[in-house]
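Me: Could you take a close look at the aromatic pairing here and walk me through what surrounds it? I'm at the bench, so plain talk is fine.

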Amino acid sequence: MTAGFHFALGQELLKEERLGEASEEFRRTLGLWRILYDWKHPYRDNILRFLLYSLIRQDRWQEAEAEITEDM
């Protein structure tokens with residue numbers, strides 16, 4: 001599956017309030033994006049924002065912080 005597929009699936013899961021599953025799809029998307037594209041690519045920030053939003057909605061603050069640190 002492509003990064004775009006995982007991102008679209010994550011968005012749908014987020015709409016359905018299936019936050020844990022959405023977080024995993026956004027994490028998969030970001031992992032693929034990190035392999036395929038330079039860190040400066042503009043979509044990368046968008047993917048990270050969705051991942052952080054889904055983690056924070058679940059009160060998974062430490063994981064959100066770790067994602068920010070890893071992305072820097």
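Reply:
**The aromatic pairs and their surroundings**

There are 5 aromatic pairs here, counting rings of Phe, Tyr and Trp (its six-membered ring) whose centres lie within 6.5 Å, with planes under 30 degrees apart called stacked, over 60 edge-to-face and the rest tilted. One of them is F7 with F50, an edge-to-face pair with 5.3 Å between centres and 90° between planes. The partners are 43 residues apart and link distant parts of the chain, F7 sitting in helix 1 (residues 3-15) and F50 in helix 3 (residues 42-57). Helices here are DSSP runs of H or I with at least four residues, numbered from the N terminus.

Before going further, a word on the ground rules. This is a predicted model, so local features need pLDDT of at least 70 and side-chain atom pairs count only at pLDDT 80 or more, while totals for chains, interfaces and linings use all residues. Residues are numbered from 1 along each chain as its sequence is written, and side-chain values use heavy atoms, with hydrogens and water left out. pLDDT is the predictor's confidence in each residue, from 0 to 100. The chain averages 92, and 97% of its residues reach 70 or more. Helix 1, home of F7, has the highest confidence in the chain with a mean of 96, while helix 4 (residues 61-71) has the lowest with a mean of 89.

Back to the pair: are both rings buried or exposed? F7 counts as buried because its relative accessibility is 15%, and F50 counts as partly exposed because it comes in at 23%. The cut-offs are under 20% relative accessible area for buried, over 50% for exposed, and partly exposed in between (1.4 Å probe, protein chains only). F26 joins F7 and F50 to make one aromatic cluster.

Who else is around? Q11, also in helix 1, is in contact with F26 and F50 once its neighbours within four places in sequence are left aside; contact means heavy atoms within 4.5 Å. Q11 and F50 are 39 residues apart in sequence but 8.1 Å apart in space, C-alpha to C-alpha. With 27% relative accessibility, Q11 counts as partly exposed. L14 touches F26 and F50 too, along with L19, A22, Y53 and S54, again not counting residues up to four places away. H6, another helix 1 residue, is buried with a relative accessible area of 10%. Beyond four places in sequence, H6 is in contact with M1, E25, R28, T29 and L32.

F26 brings us to helix 2 (residues 19-36), where the buried residues are L19, A22, S23, E25, F26, T29, L30 and W33. Seen down the axis, they fall within an arc of 165°, so they line one face of helix 2; that arc is taken over the directions from the helix axis to the C-beta atoms. The length checks out as well: 18 residues should span 26 Å, and the end C-alpha atoms are 25 Å apart, which agrees. The expected span is 1.5 Å times one less than the number of residues.

Helix 3, which carries F50, has R44, I47, L48, L51, L52, S54 and L55 buried. Those residues also fall within an arc of 165°, so they line one face of helix 3. On the other side, P42, Y43 and R49 are exposed. For its 16 residues the expected span is 22 Å, and the ends are 24 Å apart, C-alpha to C-alpha, which agrees.

F26 also turns up among the residues with the most contacts inside the largest nonpolar core, together with L14, A22, L30, I47 and L51; that core has 15 residues. Helix 1, helix 2 and helix 3 are the elements that give it two or more residues. A nonpolar core is a set of buried Ala, Val, Leu, Ile, Met, Phe, Trp, Tyr and Cys residues joined through side-chain atoms within 4.5 Å. In soluble globular proteins, nonpolar side chains tend to be buried together.

Last, the loops beside these helices. E17 lies between helix 1 and helix 2, and it has a positive phi of about 65° although it is not a glycine. E17 is partly exposed, with a relative accessible area of 47%. D59, in the loop between helix 3 and helix 4, also has a positive phi, about 60°, without being a glycine. D59 is exposed, with a relative accessible area of 60%.
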